[in-house]
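Q: I should like to learn how to read a structure of this kind. Where might we begin?
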Amino acid sequence: MCQLFMKNISKSFDDVSVLKSVSFSVKAGEVHALLGVNGAGKSTLMKILAGDYQKDDGTIEISGKEVSLESPLDAKRHGIGVVVQEVDTALFPTLTVAENLAIDTYTSTGFKMSRVSWQSIKKQAKEILNDMNIELEVNKPVAQCSLSEKQMILIARAVAGNVRYLILDEPTAPLSEKETNTLFEIIKKLRDKGVGIIYISHRMPEIKKISDRFTVMRDGKLIITEKTETASTEQIIQQMLGKSLQQTERKRKVTSTNTLFEVKDITIPDTGKSISLTVQEGEIVGVAGLVGAGKSETARALFGAGEAKGSWFINGKRKKITSPYHALKQGLCLVPEERRKEGILTEHSVAHNLSLPSLQSFTRFGWLQLKKEAEYANRKIDELGVVTSSSTRLLKYLSGGNQQKVSIGKWISPDRNVYLFDEPTKGIDVKAKKEIFQLIQSLAEQGKGILYFTSELEELLHIADRILVMYDGEFTASFTGAEATHEKIMQVATGGMLSETNG
Ligand SMILES: Nc1ncnc2c1ncn2[C@@H]1O[C@H](COP(=O)(O)OP(=O)(O)OP(=O)(O)O)[C@@H](O)[C@H]1O
Ligand SMILES: [Mg+2]
């Protein structure tokens, strides 16, 4: 039978056992979801399959024959395609979309092709993208592409290489609803053609929608493999956590009438639009909008990046904010969306990443006090539930979701007043998501002001006191937490019914 079978796979990093005799299989023509909380071992298992890591123990068989996957090239030759979780590490920013799409062809022929025809590279790239219904200019350098565009390039590249087995590690995290639907169409087509697909995601509704079977991993062990239709979402979550997730509904009331943060007529350089808004002390203001609505651009401008013009007020006093440096000095901080690029230093330790924004508190006469830094870091690690063997571990060795937690945690310090969160829960598991919500709520309870930018409307309905809807770079509606519904926000966010809901 056509299937890929990983048998009793084990793997340790520096004596820490990360995979414990895990068996996992994917059949031709099925979508198999691989699930588990941050750090469970999903990406590690897949990196072994992609030839990035070597297993310590176990065997891998394709259609009954044992194969050796000692390099990414080996994996490619066996028809294994992969879309990795760390989008930026897999693309060449200075090359164009077309060139990035062609890279695989060159590497899999072992660089034997000596003459490069740019014309044919472009033509092929156009065909691949067209086939997949992806609109993208092939001459654009990847550095200028948005995160979701980069993700689509990776997907197109993997699919173009005639794959028999395709690994998608959190492919939809940066995608819009429309792009996600496009991806699902692509997945279905591939499945019908007999490709076996391994699908990793923290979004439970997607799992129910797209997968035929699922496997749950916990602490590097295999917990269960089952047909998706026979299990409920609650049951799956319970297997992931080892216990059920308790729902704590906490409705806060904003009592302060003090305006903590206000911006007037700020022109956002990237969108050319101008916006104004206020945040009360202790208030969580959600900014809802589809991917591409201009949320990240707005968040960055409010943080003083990109030479935005306009007026900033903190506690009623006008402040000059012309750079992120000024913003930080005034107690403003931003947790950016593209955290790998802007938010974290992967070659540095967890402790160093966590202490960096507050470095002044750990230096004496210019010397870094390592013990103080470690104590601070350990407190944060506890607070955020970061899974790491120690605070001295390099950040790049943490799982994707745990890197996210560090990138959020580093900004949470008592001397900040206003927090801008840009898509903070991307790639974070159900339990960690709840922890982050609690963290944000407790910041609000301490009287801080919060702006929460997201395309995940459900999250806003859960956490925001007030919701501003952004469409095409402008705020087109505002709802109180109580009056907001998914439908109302969606209508405005998609540009429909502007006149009725404006206000
Ligand atoms: N190169 C490495 N060196 C050391 N430890 C590593 C390395 N890669 C992963 N780990 C560790 O292995 C464990 C599993 O990580 P992995 O990335 O597989 O988790 P995951 O299930 O993909 O999580 P997430 O949902 O957060 O992406 C983590 O504890 C991580 O710190
Ligand atoms: Mg992962």
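A: Please note that the model is predicted. Let us begin with the surroundings of the ligand. In this structure, 19 residues surround ligand 1, and the closest are Lys42, Thr44, Tyr397, Ser399 and Gly401.

Q: Which classes of residue make up the shell around ligand 1?
A: The shell around ligand 1 divides into 10 polar, seven nonpolar and two charged residues.

Q: Which helices supply at least two residues of the shell around ligand 1?
A: Helix 1 (42–49) and helix 14 (400–409) each do so. Helix 1 gives the most, with three residues.

Q: Which atoms lie at a short list of distances from ligand 1?
A: Three cases may be read in turn. An oxygen atom of ligand 1 is 3.2 Å from a backbone N or O atom of Ala40. In Ser43, a side-chain N or O atom is 2.8 Å from an oxygen atom of ligand 1. For Arg393, a polar side-chain atom lies 2.9 Å from a nitrogen atom of the ligand. On its own, ligand 1 has 640 Å² of accessible area, and the protein covers 92% of that area.

Q: How is the packing of two helices described?
A: Two packed helices are described by the distance between their axes and by the angle between those axes. Here, helix 5 (residues 147–160) packs with helix 6 (residues 177–192) at an angle of about 10°, and their axes are 12 Å apart. Because angles under 35 degrees count as roughly parallel, helix 5 and helix 6 are roughly parallel to each other.

Q: Which residues meet where helix 5 contacts helix 6?
A: From helix 5, Ser148, Met152, Ile155 and Val159 meet Glu179, Thr182, Leu183, Ile186 and Leu190 of helix 6. By class, this contact has six nonpolar residues, two polar residues and one charged residue.

Methods. Residues numbered from 1 in each chain as written. Chains lettered and ligands numbered in written order. Predicted model: local features only at pLDDT ≥ 70, side-chain atom pairs only at ≥ 80, totals over all residues. Heavy atoms only, no water. Axes fitted to C-alpha atoms, helices over the stretch in contact; angles between N-to-C directions. Helix = DSSP H or I, 4+ residues; strand = E, 2+ residues; numbered from the N terminus. Parallel < 35°, antiparallel > 145°, perpendicular 65-115°, else oblique. Contact = heavy atoms within 4.5 Å. Nonpolar A, V, L, I, M, F, W, Y, C, P; charged D, E, K, R; others polar. Near = heavy atom within 4 Å. Polar contact = N/O pair within 3.5 Å; in protein donor to acceptor, adjacent residues only side chain to side chain. Areas by Shrake-Rupley, 256 points an atom, 1.4 Å probe, with all protein chains shown as cover.
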